[in-house]
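Biologist: I would like to go through this structure with you step by step, beginning with the whole chain and then turning to its parts. Could we have it on the screen first?

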Amino acid sequence: MTTVPEFAPLPDEAYVGGAWRQSAGPASTIVDPATGRVLQTVSQSTQADVDDAVAAGVKASADPAWRGLLAHQRARYLHRIADLIDRDAERLATLQTFNTGKTLTETRGLVASAAGTFRYYAAVLETADEAMTTVRGDYRTWVQHEPIGVVGAIAPWNSPVASDAQKIAPALAAGNAVILKPAEWTPLVSLAMARLIDESDLPSGLVSVLPGRGSVVGEAIVRHPGVGKVTFTGGTATGRGLAHAAAEKLMPVSLELGGKSPTIVLDDADIEQAVAGVMYGIFSSSGQSCIAGSRLFVHSSIYDETMARLVERTEALRVGNGFDPATRVGPLVHTRHRESVASYVELARSEGGRILTGGAVPDDPALADGSYYLPTIIDGLENSARTCQEEIFGPVLVALPFDDEEDLVRRANDSVFGLAAGIWTRDYRRALRLADRIQAGNVWINTYKAFSVSTPFGGIKQSGLGTEKGREGIAAYSRVKSVYLGMSAEPNPWADS
Ligand code: NAD
């Protein structure tokens, strides 16, 4: 019997320029995907909310009380937000499990990661070095990193709180104001974090959180003349549209987009370790992860053995409510998303794929009202099949045998995406050779989905533009100003007529 805590609804208010108010847009119904129960409604923000948030952000970011702070002085505010996140960690994790269906183990990890991200950027501010550029004349030169002003941050539904922090912390660290738009299905934890930011002593107006539709609130943020940069995480098609809109303003954008990441098991791999890593890579978060290892390449000499173990272990995974500590695979975020995942499995069937396990909604009556889908493994498809090329964003793994490295590299790279890759082998030379040849922004060798805020993260090809995290993460939210200081006491001889 799963013990589900009491759900405590949040006030139906957006955080607009430092003030809480109910928005005038239509109400979004927020559902617990584990049970189908309506948790509460949240009013969608409007163009007027965006206008007010931007006006407050412009004012607050230019105010000497913020703009005039030195880097190490800004660090204090980030520490305070991190402390408040830690204080309310269990409440935030619980809220996120209610809203997204993710297991409590995972949402606890995401909340801890959010606090860690604020602390990391506080530490970067405390330890940042600046250097003069090399002297090439009778002058001194250096670079100043200045805030952009107001940053728009647009987030997806899969890992709010962690992805929110990944945008808000470096943007504040760089001295900006931030307007966050959470995804329509999952605004609760972002609104709860906004209450903590409100409780901190961060100057009012620096952070706004505006829930609502992408086509209304997201567009209004991107197109607003007062917004100087947008950082976006979401689907590739949405990101491309956003980049077009940004081009109209010549505004910089960072895009963290989709993936169809290859996981490669070489013939000398520790099969037990590889199978556990492959399962975690695709089935944790119910596959709703941009970096999910969703295309599995296994050497043909160990293919049958690996697949047999993988199927057996996958069938033993507990599918259920995220509040049950035994659950490994929670529900999908929404029944509409489950329909999309299920339609891809039907597509795989019609493309000639063999469903080795899953491929259906679980038949356990206790799960009937949630948006669950069984972990699914498919083989028998060519890499060119749509199921192998398009991001499904669910617990669906396609498996492909390979014989030689050339063929493997060609097929692994035969994708519009380039977000991540996994390599399982005991031979570090082969691993590093493959890591060099696979087109991906992130490569894991004998591990998968390991994450560190101090290591930059980004995609190549249609998986994104720019990087988040790492010391350089702040630079993405700064403008560069070069200053020349003349050292000569003489008038410029050119002026002598
Ligand atoms: P989505 O693209 O549908 O939406 C993402 C966000 O953009 C939401 O807040 C949405 O409301 C907003 N949006 C939608 N249309 C918009 C518009 N016209 N203008 C401005 N904003 C708009 O993505 P999703 O379904 O919420 O999330 C899943 C996708 O996110 C997957 O493709 C996944 O791979 C990707 N993702 C990528 C990363 C990464 O770091 N690379 C991380 C997580 C998720």
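Modeller: Before we start, one term is needed: the accessible areas come from the Shrake-Rupley method with a 1.4 Å probe. Please also keep in mind that this is a predicted model.

Biologist: With that term in hand, what share of the area that the chain exposes do carbon and sulfur atoms supply?

Modeller: The chain exposes about 20,900 Å². Of this exposed area, the part that carbon and sulfur atoms supply is 53%.

Biologist: Which radius of gyration does the chain have, and how does it stand against that of a compact globule?

Modeller: The C-alpha atoms fill a box of roughly 85 × 55 × 40 Å, taken along the principal axes. For a chain with 497 residues, a compact globule would have a radius of gyration near 23 Å. The chain agrees with that expectation, since its own radius of gyration is 24 Å.

Biologist: What percentage of the contacts with a separation of 6 or more comes from residues 24 or more positions apart?

Modeller: It helps to know that the chain has 15 helices and 22 strands, and that 56% of its 497 residues count as buried. Among the contacts in the chain with a separation of 6 or more, the share that residues 24 or more positions apart account for is 74%.

Biologist: Which strands stand at the edges of the open sheet of 7 strands?

Modeller: The order of the strands in this sheet is S14-S15-S16-S13-S12-S18-S19, and the pairing is mixed. A strand at the edge has a single partner strand, so one side of it is left without a neighbour in the sheet. The strands in that position are S14 (354-357) and S19 (442-445).

Biologist: Within that sheet, which residue of S16 stands opposite leucine 296?

Modeller: Strand S13 (residues 295-299) and strand S16 (residues 396-402) run parallel and are joined by 5 bridges. Opposite leucine 296, the residue that we find in S16 is alanine 399.

Biologist: What angle does the direction of helix H11 make with that of S14?

Modeller: Helix H11 (residues 303-315) packs on the sheet, where it touches S13, S14, strand S15 (376-379) and S16. Between the direction of this helix and that of S14, the angle is about 60°.

Biologist: There is also an open sheet of 3 strands, so which residue in S6 is the bridge partner of methionine 132?

Modeller: This sheet has the order S5-S6-S22 with antiparallel pairing, and its edge strands are S5 (132-133) and S22 (478-486), each of which pairs on one side only. Strand S5 is joined to strand S6 (residues 139-147) by 2 bridges. In S6, the bridge partner of methionine 132 is tryptophan 142.

Biologist: Turning to aromatic rings, why is the pair of phenylalanine 451 and phenylalanine 457 described by its particular class of geometry, and what is that class?

Modeller: A search of the whole structure finds 11 aromatic pairs. One of them joins tryptophan 444 and tyrosine 448, with 4.7 Å from centre to centre and 55° between the planes, and this pair is tilted. For phenylalanine 451 and phenylalanine 457, the centres are 5.3 Å apart and the planes stand at 70°; because planes over 60 degrees apart receive that name, the pair is edge-to-face.

Biologist: Is phenylalanine 451 buried or partly exposed?

Modeller: Phenylalanine 451 belongs to one aromatic cluster with Trp444, Tyr448 and Phe457. Tryptophan 444 and tyrosine 448 are both buried, and phenylalanine 457, at 7% relative accessibility, counts as buried too. Phenylalanine 451 has a relative accessible area of 45%, so its class is partly exposed.

Biologist: Which residues does alanine 246 touch, not counting those up to four places away in sequence?

Modeller: Alanine 246 is found in helix H9 (residues 236-249), and at 1% relative accessibility it counts as buried. Leaving out residues up to four places away in sequence, the residues that alanine 246 touches are Val222, Met251 and Val253.

Biologist: Finally, what is the value of phi in valine 161?

Modeller: Valine 161 lies in the loop between strand S7 (150-154) and helix H6 (162-173), and at 0% relative accessibility it counts as buried. Its phi is positive in a residue other than glycine, with a value near 75°.

How values were computed
Residues numbered from 1 in each chain as written. Predicted model: local features only at pLDDT ≥ 70, side-chain atom pairs only at ≥ 80, totals over all residues. Heavy atoms only, no water. Pairing = 2+ DSSP bridges. Helix = DSSP H or I, 4+ residues; strand = E, 2+ residues; numbered from the N terminus. Contact = heavy atoms within 4.5 Å. Axes fitted to C-alpha atoms, helices over the stretch in contact; angles between N-to-C directions. Rg over C-alpha atoms; globule rule 2.2 N^0.38 Å. Buried < 20%, exposed > 50% of the residue type's maximum accessible area, 1.4 Å probe, protein only. Phe/Tyr/Trp six-rings, centres within 6.5 Å; stacked < 30°, edge-to-face > 60°.
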